[in-house]
Amino acid sequence: MSHYPRWYYDEFKQIGVDYTDLEEVQAYDLRMQKLRDIESEFNNTQELLKIKNSDLILEIGTGTGELALKFSAHCRKVVAIDISKKMIDFAKMKAERQKKTNIEFYNAGFLTYENYDEPFDVIVTQLALHHLPDYWKMIALRRIYAMLKEGGKFYLRDVVFPSLTSDYDSYFNKIITDLKNSAGDKLAEETEIHIREEFSTLDWIMEGLLKNTGFCIEVVKFDGFIACYLCKK
Ligand SMILES: C[S@@+](CC[C@H](N)C(=O)[O-])C[C@H]1O[C@@H](n2cnc3c(N)ncnc32)[C@H](O)[C@@H]1O
C-alpha cells in the first residue's frame with residue numbers, strides 16, 4: 001500500500017471475522033462445505049453468466065477458492081484474488097491437489113489489484129464487497145468496470161439489506177434466532193458480527209452504486225438478505 005496516498009482505504013485491514021488467521025480459514029472452509037451446496041451455487045451462476053471456454057474470468061474475494069475451481073473447468077483462465085494471504089495459499093493448495101493449471105492466484109483486492117493483461121470477459125465476486133464502506137464500494141465498482149471488456153459481465157452476490165417499512169430490530173433478531181436453530185451458534189455469531197461491524201448496505205444504495213458506475217443491471221434476485229445482480233458493461 002506504500003504508493004497509495006495516505007487517505008486511500010487500507011483494504012488489507014481485517015473487518016469483522018479475521019480471515020488472516022489460518023484456523024479461521026480452515027474452519028470457514030469446513031463450515032462452507034457443510035452448509036453450502038457449491039455445485040448448485042455454481043449452476044445458478046452459470047445459468048446467468050453462460051461462461052464460454054474462451055472466457056477470461058476474474059474472481060475477487062475468492063476465499064478458499066471453491067467457485068474459482070468450478071469455473072476453471074469451463075473457461076480459458078481464472079484469475080482469483082483475495083486480500084487474505086492465508087485464504088489465497090489455502091485456495092492455491094486445493095487447486096494444486098486438483099491439478100488445475102488454469103487458475104492464477106494473487107494476494108490483492110478490489111482496490112489494489114492491477115490487471116496488466118487483456119480485459120476480462122467476466123468478473124465475479126461473492127460475499128466480499130460488503131467488506132468495503134459505501135464510498136469505497138463505488139471505487140471498487142469503477143475499477144471492476146474499467147477491467148471488463150465492452151459487453152463484459154459482472155456478477156455480484158452479497159449480503160444486501162432490504163428496504164423495510166417495519167422496524168429493523170425485529171427483522172435482524174429473527175434472522176439471528178432462525179440461524180441459531182438452522183445452522184448453529186457459530187454462524188449466528190458471525191452474522192451478528194457482520195451486522196454490527198461489516199459494511200453491508202441497503203438494496204437501493206447498491207442498485208444506485210451499480211447504475212452510477214455505468215452498469216446495466218440485467219437480473220436482480222434476492223434470497224433472504226443475499227442478493228445477486230447480473231450486470232453488463
Ligand atoms: C465471507 S468470505 C467469502 C469467500 C468466498 N467468496 C465465498 O463465497 O466463500 C469473504 C472473503 O473476502 C475477502 N475480502 C475482504 N475484503 C476484501 C477486499 N477488499 N478485496 C478482496 N477480497 C476481500 C476476505 O479475505 C474473504 O476471503
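In helix 7, which covers residues 185–197, the residues L187, A188, E190, T191, I193 and H194 are buried in this predicted model. These buried residues of helix 7 pack against three elements, namely helix 1 (22–35), strand 5 (148–159) and helix 6 (168–183). The length of helix 7 can be checked against its residue count: with 1.5 Å a residue, its 13 residues should span 18 Å, and because its end C-alpha atoms are 18 Å apart, the expectation and the model agree.

Helix 1, one of the packing partners of helix 7, also meets helix 4, and this second contact can be described in some detail. Two packed helices are described by the angle between their axes and the distance between the axes. For helix 1 and helix 4, the axes come within 9 Å and cross at roughly 50°. Helix 1 is therefore oblique to helix 4, since the angle falls neither under 35 degrees, where a pair would count as roughly parallel, nor in the range of 65 to 115 that counts as roughly perpendicular. The crossing in which helix 1 passes helix 4 is right-handed. On the side of helix 1 the contact is made by L22, V25, Q26, Y28, D29 and Q33, and on the side of helix 4 by K86, M87, F90 and K94.

Helix 4 (residues 85–97) leads on to the sheet, as it lies across strand 2 and strand 3 and runs at about 165° to strand 3. The sheet itself is open and consists of seven strands in the order 3-2-1-4-5-7-6, with mixed pairing. Its edge strands are strand 3 (103–106) and strand 6 (216–223), each of which pairs on one side only, and from one strand to the next the twist averages 15°. At the edge formed by strand 3, four bridges join this strand to strand 2 (residues 77–81), and the two run parallel; within this pair, V78 stands opposite I103 of strand 3.

Further along the sheet order, strand 4 (120–126) has partners in strand 1 and strand 5. Strand 1 (residues 56–60) pairs with strand 4 in the parallel sense over four bridges, and the bridge partner of I57 in strand 4 is V122. Strand 4 and strand 5 likewise pair in the parallel sense, over six bridges, with F120 standing opposite L148 in strand 5. How many of the seven residues of strand 4 are buried? Seven of the seven are buried, so strand 4 is largely enclosed by the rest of the structure.

Two loop residues deserve attention for their backbone angles. K99 has a positive phi of about 55° although it is not a glycine, and it lies in the loop between helix 4 and strand 3. The relative accessibility of K99 is 69%, and K99 therefore counts as exposed, the cut-off for this class being over 50%. L127, also a residue other than glycine, has a positive phi near 55° and is found in the loop between strand 4 and helix 5 (134–147). Is L127 buried, exposed or partly exposed? With a relative accessible area of 23%, L127 is partly exposed, because buried would require a value under 20%.

Conventions. Residues are numbered from 1 along each chain as its sequence is written. This is a predicted model: local features need pLDDT of at least 70, side-chain atom pairs count only at pLDDT 80 or more; totals for chains, interfaces and linings use all residues. Side-chain values use heavy atoms; hydrogens and water are left out. Two strands pair if DSSP finds at least two bridges between them. Axes are lines fitted to C-alpha atoms, for helices over the stretch in contact, and angles run from 0 to 180 degrees between N-to-C directions. Contact means heavy atoms within 4.5 Å. The expected span of a helix is 1.5 Å times one less than its number of residues. Buried means under 20% relative accessible area, exposed over 50%, partly exposed in between (1.4 Å probe, protein chains only). Angles under 35 degrees count as roughly parallel, over 145 as roughly antiparallel, 65 to 115 as roughly perpendicular and the rest as oblique. A crossing is left-handed if the near helix is turned anticlockwise from the far one by less than a right angle, and right-handed if clockwise.
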